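Biologist: Please take me through one part of this model, residue by residue. I would like to know what is covered, what is open, and what sits against what.

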Amino acid sequence: MQIEFSELGNHSVDVCIVGCGAAGLSMAQRLVRQGYRVALCEGGDHEYSERSQEIYAGESLGDPYIPLVSARLRYFGGSTNHWGGICRSLDTYDFVAKPAAPATTAWPIGREALEPYYAEAADILGVVPIPPDSDIPGTGLKRIHFSAPPPTRLKPKYTAFVQNAEALAYCPTANLWGLQTSQGKVTRAVFRDYAGNERRVSAHYFVLACGGIENSRLLLWCNRQADGQLVKHPETLGRYWMDHPHATIGRALFLDPARFGLDLDHTAFLAPTPDSIAERRILNCGLRLHRMGDEDTEQLIDDLAFAAPALGRQLKDKALGKRLMCGALLRAAWEQEPHPESRIELDTATDKLGMPRARLIWRKTPLDARTVRDSTLLLGDYLRDQNAGRLQLAPWLANEAVEAIEFPADGEIAGRHHMGGTRMSLTSDQGIVDSDCKVFGQDNFYIAGSSVFPSAGHANPTLTLTQLALRLSAHLERRLGQRI
């Protein structure tokens, strides 16, 4: 049931969850259905409010990035309130070390660890069945698909639940301020409202589920408050932060559009095969082919004819009016290399609650440039070698020296897919949480959400992070069951 801030801490609970986005809500509803008592604490209001959203303001350094205040949402439902609904799970080979960056891309779990939670996550998010991927022979690419239903807004879906469930104490305007720890356990979570009042919550287990930037900021702050006793090996805390870079990468003319699915869909999706990723020593990448109309396709042919007159004449002789060819605008969203210098820090400026704001330092690498360029050239080389069309790289991507490539500073830039910063690993010197999402050195403190991703693949993280949150719920259910 929904409670006032003044009532927070008055209820005996098994699990205290901080954050009401996809991860926190998925966990809360499952744990309550299993009969456990949960405190669900949201720093924002139940509805959008400027006083809450302003907490997300922060500085960005390094490569250009979306303003932090508009890159996520801070109220009930979190950033699912602007989620587009397009999703798919990470690929199986996203969980293993990639040859291009073997030390940083491997997960301590495989995709099979998340498969038991797919159906439940799909139900929560309204995911419709996704067709299987299929290789396109001779290209080094595969045709991929996304679930694209109308987006599920968790706020209307779960509002009645959090307001009425008797085993749940849901409290908005409860901003995490500190985590008290003793002898390897978190003993209390300290919360503040906007008036500066404080309340404390005791629980058997605590879960931080505040998103891919706030998980790092809050943990950095709480660890400072606890004199380093909360995260005893903080070397990677806030580091290896990732998003999916997005950009327009060129245009292409297809003489056999059906081969790439352009006769069926307005947009087709391609990705390099695992063999291509290994052979080219790149990371994963999603190519988006947006079919052009006849007028834009004719313009593309004219542009091509200017650069290559003989080829242009040949193309003009083909039956464009019979739709035997088409043009496509090419965009990409690709996997970013996990790098320690891409990170979340605490700023010197503070928010209205008195907590240091987040500072993002986002740095892309030559491997990021090579990943998108080589993935695009897989398509371009095939079209040229098979005389099946032609591809024109965007000017920014045409430089053969990837070290000299300058990423666009405007346009899409990134997907607002905040990952890393509290990465999952086998040992405390390589990450912040273990394979069960438990913070190293703390027996009862866990982190949920995409901040635990060691690497990112190219797929939107929402489905995978929801599967991971449900897996964490099942883990806590087993631990709670052992207490009885």
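Modeller: Proline 150 lies in the loop between strand S5 (141-144) and H5. Helices (H or I, at least four residues) and strands (E, at least two) are DSSP runs, numbered from the N terminus. This is a predicted model: local features need pLDDT of at least 70, side-chain atom pairs count only at pLDDT 80 or more, and totals for chains, interfaces and linings use all residues. Residues are numbered from 1 along each chain as its sequence is written, and side-chain values use heavy atoms, with hydrogens and water left out.

Proline 150 is exposed, at a relative accessible area of 70%. Exposed means over 50%, buried under 20%, and partly exposed in between (1.4 Å probe, protein chains only). Glycine 24 is 126 residues from proline 150 in sequence. In space their C-alpha atoms are 22 Å apart.

Now the helix. H5 covers residues 154-164. Its buried residues are Leu154, Lys155, Tyr158, Thr159 and Val162. Down the axis of H5 these fall within an arc of 140 degrees, so they line one face of the helix. The arc is taken from the directions from the helix axis to the C-beta atoms. An α-helix has 3.6 residues a turn, so residues three or four places apart point the same way. The face of H5 turned away from the buried side carries Pro156 and Asn164, both exposed.

What covers the buried residues of H5? The cover includes two helices, H1 (22-33) and H4 (118-125). It also includes two strands, S2 (38-41) and S6 (168-171).

Take S6. Both of its faces are covered. Leu168 and Tyr170 are buried on one side, Ala169 and Cys171 on the other. In a regular strand the side chains alternate between the two faces of the sheet. S2 also has both faces covered. There, Val38 and Leu40 are buried on one side, and Ala39 and Cys41 on the other.

S2 and S6 run parallel, joined by four bridges. Strands pair if DSSP finds at least two bridges between them. One bridge sets cysteine 41 opposite its partner in S6, cysteine 171.

S2 also pairs with S1, again in the parallel sense, over four bridges. Isoleucine 17 has leucine 40 as its bridge partner in S2.

S1 spans residues 13-18 and holds valine 15. Valine 15 is buried, with a relative accessible area of 0%. What does valine 15 touch, not counting residues up to four places away in sequence? Contact means heavy atoms within 4.5 Å. By that test valine 15 touches Val38 and Ala39, which are among the buried residues of S2. Leu31 and Arg37 are also touched. So are Ala203, Tyr205, Val207, Leu476 and Leu480. Serine 202 is 187 residues from valine 15 along the chain, yet their C-alpha atoms are separated by 8.7 Å.

To retrace the path: the exposed proline 150 sits in the loop between S5 and H5. H5 has its buried residues on one face, with S2 and S6 included in their cover. S2 is joined to S6 by four bridges and to S1 by four bridges.
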